[in-house]
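This report walks through one protein model, from its central sheet to single residues in its loops. Please keep the sequence and the structure in view while reading.

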Amino acid sequence: MTISTNLPVYSPISINFSYGKGAYLYDNDDKHYVDFHSGIAVSNLGHAHPRLVNTLKTQGEKLWHISNTYNIPTANNFAENLVQNSFADTVFFANSGSEAVECGLKIARAYQNGTGKKNRHRILTFHGAFHGRTFLTCAANDKHKFSELLNPYIDWCDNVEPSIESVKKAISNNIGVILIEPIQGQGGIKVMEDTFMQELRNLCDENDILLFFDCVQCGAGRTGKLFAYEHVGVKPDICALAKGIGGGFPLGVCLATEKAAQYMAVGMHGSTFGGNPLATSVGNAVLNELLSPQFLENVETRGKYLKDKLKILANEFPVIEEVRGRGLMLGIKVKTDNQKFAEELSYRGLLTVGVTSDNVVRILPPLIVTEKEIDEGVEILKQYLS
């Protein structure tokens with residue numbers, strides 16, 4: 001038996017990219033590909049964005065890493081910027097979405113214990129959910145997403161249908177936090193109903209349960225708002241952010257209100273690399289670009305333009321069963337194998353995400369995509385369907 005030198009937990013397509021520019025990637029033969037994948041909603045500003053390249057070079061020549069034993073001004077500046085532009089009063093910097101979710105769940109546990117409700121150790125999650133790949137976040141995911149070889153999972157999570165009736169039935173005196181993606185990414189670009197999210201907020205307030213939004217994929221401007229929950233007008237107590245907020249640099253953020261985080265103290269959590277000068281400089285540059293005039297409005301406009309184009313294709317080609325999503329977080333539900341569908345598109349020059357539940361192909365262009373680039377990608381899709 002021979003195992004590959006890279007642990008065989010991925011099944012990559014046989015295309016090697018050598019560089020990228022904006023919404024395009026280029027292979028070793030200099031063939032260009034329209035990138036509607038964005039590293040699974042990570043490269044929100046596309047490839048080799050001048051602002052990010054300049055930030056990385058400038059900070060890289062100064063200081064990469066310093067322990068959180070010392071004050072880190074770039075992290076302080078980034079934290080202040082996030083707080084000023086969100087519901088949160090405080091943030092913790094990590095290196096990934098999974099870590100950001102883990103931090104938020106620890107905050108929730110500390111809150112319930114700190115308020116004397118030590119029995120409230122359970123987490124309510126939802127069918128179709130994906131929150132990460134650590135042991136606890138695996139347990140919070142939809143239970144059908146991972147190999148039985150990893151069982152038993154940590155028994156702290158109750159997974160239910162995303163409906164207010166299911167939530168009311170599941171709430172017990174042991175539930176301390178409700179964890180939900182406003183838009184499920186790997187779950188099939190499922191947008192949670194506005195009324196459901198509003199009712200969740202009310203239910204949490206009535207029962208002193210913390211509401212935790214996982215915006216790892218649907219945050220950082222992906223939907224045309226900085227956070228997807230802004231479409232609904234519901235604020236969480238805790239929120240996880242990652243992927244696009246680093247623009248391709250490993251970065252995760254857990255945001256929380258003062259109420260939720262009041263019992264977190266020195267030594268209760270930490271990260272060797274979290275909040276390092278390089279990551280927080282890049283993250284702040286991404287955030288400032290997202291907050292620049294008309295940027296998010298353009299994401300909404302481009303998202304509508306792309307969604308309308310996809311709906312036209314759905315009317316013409318019955319293999320597309322449904323078009324879903326908000327902003328530039330879109331998906332097409334197909335009547336064929338979605339992974340094969342996405343792979344065949346990639347060889348034709350259009351990159352999409354096929355590893356998705358409910359037979360959905362995710363369409364996740366960089367947020368800087370132009371109408372011309374959208375037209376080019378849609379044309380490739382149309383030629384494939386014809």
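In what order do the seven strands of the open sheet lie, and is their pairing mixed?

## The open sheet

In this predicted model, the seven strands of the open sheet follow the order S4-S12-S11-S10-S7-S5-S6, and their pairing is mixed. Strand S4 (90-94) and strand S6 (157-160) form the edges, since each of these pairs on one side only. From one strand to the next, the twist averages 20°.

Within this sheet, strand S5 (residues 122-126) and strand S7 (residues 175-180) run parallel and are joined by three bridges. On another part of the sheet, helix H3 lies across S4, strand S11 (238-241) and strand S12 (252-256), and its direction makes an angle of about 130° with S4.

## Arg 122 in strand S5

Arg 122 is found in strand S5, and its bridge partner in S7 is Ile 175. With a relative accessible area of 14%, Arg 122 is buried, because buried means under 20% relative accessible area.

Once its neighbours within four places in sequence are left aside, Arg 122 is in contact with Asp 155, Trp 156, Cys 157, Asp 158, Asn 174, Ile 175, Gly 176 and Val 177. Arg 122 and Ile 178 are 56 residues apart in sequence, while their C-alpha atoms are 9.0 Å apart in space.

## Helix H2 and what covers it

Helix H2 (residues 50-60) has three residues named as buried, namely Leu 52, Thr 55 and Gln 59. Seen down the axis of H2, these buried residues fall within an arc of 60°, so they line one face of the helix. The face of H2 turned away from that buried side carries Pro 50 and Lys 57, which are exposed.

The cover over the buried residues of H2 includes helix H3 (73-84) and helix H9 (277-290). Helix H3 is also the helix that lies across S4, S11 and S12, and thus appears both in the cover of H2 and against strands of the sheet.

## Cysteines without disulfides

The structure holds zero disulfides. For Cys 157, the closest cysteine sulfur is that of Cys 138, and at 10 Å the separation is too far for a bond. Cys 157 counts as buried, at 9% relative accessibility, and this cysteine is also among the residues that Arg 122 contacts.

Cys 239 is likewise in no disulfide, although the nearest cysteine sulfur, that of Cys 215, is 3.7 Å away. A disulfide is counted here when two cysteine sulfur atoms lie within 2.5 Å. Cys 239 is buried, with a relative accessible area of 0%.

## Backbone features in loops

Which peptide bond is cis, with omega near 0°? The peptide bond from Asn 151 to Pro 152 is cis, and Pro 152 lies in the loop between helix H5 (135-140) and S6. The strand that follows in this description, S6, is one of the edge strands of the sheet.

Two aspartates have a positive phi although neither is a glycine, the angle being about 70° for Asp 30 and about 60° for Asp 358. Asp 30 has its place in the loop between strand S2 (24-27) and strand S3 (32-35), where the residue is partly exposed, with a relative accessible area of 46%. Asp 358 is found in the loop between strand S15 (350-351) and strand S16 (360-363), and at 31% relative accessibility this residue also counts as partly exposed.

## The protein as a whole

The secondary structure of the protein comes to twelve helices and 16 strands. The radius of gyration is 21 Å, close to the 21 Å that the globule rule gives for 386 residues, so the protein is as compact as a globular protein of that length. Taken along the principal axes, the C-alpha atoms fill a box of roughly 60 × 55 × 55 Å.

Of the 386 residues of the protein, 53% count as buried. Among the contacts with a separation of 6 or more, 72% are accounted for by residues 24 or more positions apart.

Note on methods
Residues numbered from 1 in each chain as written. Predicted model: local features only at pLDDT ≥ 70, side-chain atom pairs only at ≥ 80, totals over all residues. Heavy atoms only, no water. Buried < 20%, exposed > 50% of the residue type's maximum accessible area, 1.4 Å probe, protein only. Helix = DSSP H or I, 4+ residues; strand = E, 2+ residues; numbered from the N terminus. Arc of directions from axis to C-beta. Contact = heavy atoms within 4.5 Å. Pairing = 2+ DSSP bridges. Axes fitted to C-alpha atoms, helices over the stretch in contact; angles between N-to-C directions. Rg over C-alpha atoms; globule rule 2.2 N^0.38 Å.
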